[in-house]
Amino acid sequence: MNYDTFVDQVAQRAGVPSTRAVELTRATLETLAERLTGGEALDLAAQLPKPLQLLLRKTPTTEHADRFGAAEFVARVGQRADVDSPAARSGIRAVFVTLREAITGGEFDDVAAQLPRDYRDLVEPAMAPGASLRRA
């Protein structure tokens, strides 16, 4: 999936203009990069278009995952994208569903496996029917 298609899909799913979809995508992927281990962020980035890869870069000081829950994830995305909590949640779900289509199922499962159960509401709309988060 190319960058423009990714953004268009997020815009359609979130019901927002493309400019807002760009901000929601950026905010979600930057926050996800903080939550994932460095290796997993790199694996995810390798399957995305170049502009999105840059959002997932880790540095030696960010190699380890920052452990925070879903509420903090939503708050960080909202702050980065300058949107309220409901808009952030909608955008995050749209990005996860689009990610699921843009990358392999195995890679998406690896990403989801690093997220605790309280992310269920954000991630499960993107998962295959019958799938659920594997970690407690």
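E23, R26, E30, E34, D66, E72, R76 and R80 are linked in a network of salt bridges, a salt bridge being a side-chain nitrogen of Lys or Arg within 4 Å of a carboxyl oxygen of Asp or Glu. The structure is a predicted model, in which local features need pLDDT of at least 70 and side-chain atom pairs count only at pLDDT 80 or more, whereas totals for chains, interfaces and linings use all residues. Residues are numbered from 1 along each chain as its sequence is written, and side-chain values use heavy atoms, with hydrogens and water left out.

Across the whole structure, 11 salt bridges are found. Within the network, E30 and R26 meet through their side chains at 3.0 Å, N to O, and both lie in helix α2, four residues apart, about one turn of the helix; helices here are DSSP runs of H or I with at least four residues, numbered from the N terminus. The side chain of E30 also meets that of R80 in a salt bridge of 3.5 Å, N to O. Because E30 lies in helix α2 and R80 in helix α5, this pair ties together parts that are 50 residues apart in sequence. A further salt bridge joins R76 to D66, with the closest N and O atoms 3.2 Å apart; R76 lies in helix α5 and D66 in the loop between α4 and α5, so the pair ties together parts that are 10 residues apart in sequence. With buried meaning under 20% relative accessible area, exposed over 50% and partly exposed in between (1.4 Å probe, protein chains only), E30 is partly exposed at 23%, as is D66 at 34%.

The largest nonpolar core has 44 residues, of which L32, F96 and L99 touch the most other members; such a core is a set of buried Ala, Val, Leu, Ile, Met, Phe, Trp, Tyr and Cys residues joined through side-chain atoms within 4.5 Å. Helix α6 gives the most to this core, with eight residues. Leaving aside neighbours within four places in sequence, L99 is in contact (heavy atoms within 4.5 Å) with F6, L29, L32, L44, L48 and F108.

In helix α1, the buried residues are F6, V7, V10, A11 and A14. They cover an arc of only 130° around the axis, taken from the directions from the helix axis to the C-beta atoms, and therefore lie on the same side of α1. These buried residues pack against α2, α4 (50–53) and α6, while the face turned away from the buried side carries the exposed residues D4 and Q12.

Methods:
Helices (H or I, at least four residues) and strands (E, at least two) are DSSP runs, numbered from the N terminus.
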